[in-house]
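Hi,

Here is the structure I promised to pass on. Have a look at it first, and my notes follow underneath.

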2 protein chains.
Amino acid sequence: MKTQLKKGTLDMCVLAVLAQADSYAYELVSKLSQGMEISEGTIYPLMRRLQNESWVSTYLVESSSGPSRKYYKLTEAGRLELATMRQEWQEFVAEVENVLRDDPAASTEGTLQ
Amino acid sequence: MKTQLKKGTLDMCVLAVLAQADSYAYELVSKLSQGMEISEGTIYPLMRRLQNESWVSTYLVESSSGPSRKYYKLTEAGRLELATMRQEWQEFVAEVENVLRDDPAASTEGTLQ
DNA sequence: CAAGATACCTTGTATAGCAAGGTATCTTTC
DNA sequence: GAAAGATACCTTGCTATACAAGGTATCTTG
């Protein structure tokens, strides 16, 4: 239902996770699913986009518990992009909060009966 | 460029502005444009959506400086919806910040050369 | 070998923001 | 009173992205 809110933030989230450690799509879904909803149908096109932008590189690793994993590694360009996205995200949140702040109902103290 | 980030937040922003005072689309654009970018091509379909959801009602007011203005007034349902959106927004921001927090580069101290 | 988990992927749909373009009204200026 | 500019409304077509649904292949376990 609040799927629109995610638009544009998921790539940043993925890059942030990859900034910690290399990972593969299937694992990224389960990692991110701890805090937010994200589905497989979202992650694979997304990873292709990140790769097309050269923000990640890939390598295959054979697994002992299933098919080979396609690992993604953050590139230097990806690291810079993540920093940019972080900044834009914070600016955007500040803008929205600024609009919300002017709303009298912002101070949620007894405004709703 | 960061147009994706706005997806799903603009209706909340509009409702928040209307929570302060009734307004019309053209004025809403200029009000919101103080803090964020939003265009006319966005606002009119958006206002129709809000109206279809019965979150706003409308009335015409003749202007002394141009054509009649279609004012939008927040309904009670709209007020409730705004509260819900606020909450979902805050939850969503918290989720994203949570993912970002785990990123070592989060503490922006000397991480970039 | 059947079932289930792991892991990859694609197709089609819905949504929302925006640029570009169009119309009508009202005031001002010449 | 014609032209120009601001005000105010609106629509069409494009784009991006998230997701459900479906499909394939691999490996383990019973």
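Let me start with the strands of chain A, bearing in mind that this is a predicted model. Strand β2 of chain A, residues 56-61, pairs with β3(A) through 6 bridges, and the two run antiparallel. If you want a spot to click on, L60(A) sits opposite K70(A) of β3(A). Strand β1 of chain A (residues 23-24) is also antiparallel to β3(A), joined by 2 bridges. There, S23(A) has Y72(A) as its bridge partner in β3(A).

On to the helices. Helix α2 of chain A (residues 10-20) and α4(A) have axes that come within 11 Å and cross at roughly 75 degrees. Angles from 65 to 115 degrees count as roughly perpendicular, so that is what α2(A) and α4(A) are to each other. From α2(A), the residues in the contact are L10(A), D11(A), V14(A), L15(A) and L18(A), and they meet T42(A), I43(A), L46(A), M47(A) and L50(A) of α4(A). That contact is made up of 8 nonpolar residues, 1 polar and 1 charged.

Now the DNA, which you'll probably want to look at yourself. DNA strand C has 29 residues around it, and Y26(A), R69(A), K70(A), K6(B) and T42(B) come nearest. Of the strand C atoms that come within 4 Å of the protein, 75% are sugar and phosphate. Some contacts to check:

- R69(A) has a polar side-chain atom 2.3 Å from a phosphate oxygen of DNA strand C.
- The side chain of Y24(A) places an N or O atom 3.1 Å from a phosphate oxygen of DNA strand C.
- K7(B) goes to a base: a side-chain N or O atom is 3.4 Å from a base nitrogen of DNA strand C.

By class, the surface near DNA strand C has 9 nonpolar, 12 polar and 8 charged residues.

What about DNA strand D: how many residues surround it? There are 28, the closest being K6(A), T42(A), Y26(B), R69(B) and K70(B). Sugar or phosphate makes up 76% of the strand D atoms within 4 Å of the protein, and bases the rest. K6(A) has a polar side-chain atom 2.4 Å from a phosphate oxygen of DNA strand D, while G8(A) has a backbone N or O atom 3.1 Å from a phosphate oxygen of that strand. For a base contact, try E40(B), with a side-chain N or O atom 2.9 Å from a base nitrogen of DNA strand D. The surface near DNA strand D divides into 9 nonpolar, 12 polar and 7 charged residues.

Cheers

Notes. Residues numbered from 1 in each chain as written. Chains lettered and ligands numbered in written order. Predicted model: local features only at pLDDT ≥ 70, side-chain atom pairs only at ≥ 80, totals over all residues. Heavy atoms only, no water. Near = heavy atom within 4 Å. Polar contact = N/O pair within 3.5 Å; in protein donor to acceptor, adjacent residues only side chain to side chain. Nonpolar A, V, L, I, M, F, W, Y, C, P; charged D, E, K, R; others polar. Pairing = 2+ DSSP bridges. Helix = DSSP H or I, 4+ residues; strand = E, 2+ residues; numbered from the N terminus. Axes fitted to C-alpha atoms, helices over the stretch in contact; angles between N-to-C directions. Parallel < 35°, antiparallel > 145°, perpendicular 65-115°, else oblique. Contact = heavy atoms within 4.5 Å.
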